[in-house]
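Me: Could you take a close look at the salt bridges in this one for me? I'd like to know who pairs with whom and how exposed the partners are, plus anything buried you can place afterwards.

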Amino acid sequence: LIANTTAFQRGMRQAMRTVRQFSHSVRRMGGALAGFAGISGGLGVAALVAFQKRTFGAIDATAKLADRLGIATEDLVGLQHAANLAGVDNQQLAIAIQFLGKQLGQALIKPTGEAADTLRVLGLRAEDLTRLGLGGAILKIADGFKSLESSARKLVVATMLFGRSGQGMINVLDAGSAGLRAAAQEAAKLGLT
């Protein structure tokens, strides 16, 4: 019995990097909290425990949402930050990403359907986007979206690809992949990832 474990090993290495980064963030946060506690005359243990529970709860919820949507957690957090800067809340973003996944699947199944036609307007193909995963697909869509000249076309394309949340996604997509990457880097610097 022979098994190719390359993908598994790569996934495990990525998981270990994520755990190390998280551990480093927790240590930095702990140091900052300890300094704050010293300045403020001591932070109650109960308040610190409650803060940590909320923080870990939020991290867990984000990871579960990323799994449910089929997107990398880091990609989701970066997109959430970009969306929040554009006035789109996390729930709207999650609905938009879920709808996009459905539309990409539809375009694969029916290459002559509306979803595939909409991707062609952007110069994209569902086959290529699905290989990139949803995070990478959104970056490519954002670049294609920037080439649309009218607000009306942007609204139609965004609504077709992202459903009812598409209107809110216009400002997110207008940033292009460079803007989305910059927001993801800022999220990392702020310790959101």
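Reply: Let's start with Arg120, which counts as partly exposed because its relative accessibility is 45%, between the 20% and 50% cut-offs. Keep in mind that this is a predicted model. The side chain of Arg120 meets that of Asp117 in a salt bridge, with N and O 2.4 Å apart. Both residues sit in helix H5, which runs over residues 114–121, and they are three residues apart, about one turn of the helix. Asp117 is partly exposed too, at 35% relative accessible area. That pair belongs to a total of six salt bridges in the structure.

Now for the part where several charges join up. Arg125, Glu127, Asp128 and Arg131 are linked in a network of salt bridges. Within that network, Asp128 pairs with Arg125, and their closest N and O atoms are 3.1 Å apart. Asp128 also forms a salt bridge with Arg131, where the closest N and O atoms are 3.0 Å apart. Arg131 and Asp128 are both in helix H6, again three residues apart, or about one turn of the helix. As for exposure, Asp128 is partly exposed at 33%, and Arg125 is partly exposed at 45%. Arg131, on the other hand, is exposed, with a relative accessible area of 65%.

On to the buried side of things. Helix H6 (126–146) turns up here as well: it is among the elements covering the buried residues of H8, along with helix H3 (73–85), helix H4 (90–109), helix H7 (151–162) and helix H9 (176–189). H8 itself spans residues 166–173, and its buried residues are Gly166, Met169, Ile170, Val172 and Leu173.

One of those, Ile170, is touched by Lys154, a residue of helix H7. Lys154 is a lysine that counts as buried because its relative accessible area is 15%, under the 20% cut-off. Leaving out residues up to four places away in sequence, the other contacts of Lys154 are Phe145, Leu148 and Asp174.

Finally, have a look at the loop between H7 and H8, where you'll find Gly163. Gly163 is buried, at 8% relative accessible area. Skipping residues up to four places away in sequence, Gly163 touches Phe99 and Ala158. Phe99 is 64 residues away from Gly163 in sequence, yet their C-alpha atoms are 6.1 Å apart in space.

Notes
Residues are numbered from 1 along each chain as its sequence is written. This is a predicted model: local features need pLDDT of at least 70, side-chain atom pairs count only at pLDDT 80 or more; totals for chains, interfaces and linings use all residues. Side-chain values use heavy atoms; hydrogens and water are left out. Buried means under 20% relative accessible area, exposed over 50%, partly exposed in between (1.4 Å probe, protein chains only). Helices (H or I, at least four residues) and strands (E, at least two) are DSSP runs, numbered from the N terminus. Contact means heavy atoms within 4.5 Å. A salt bridge is a side-chain nitrogen of Lys or Arg within 4 Å of a carboxyl oxygen of Asp or Glu.
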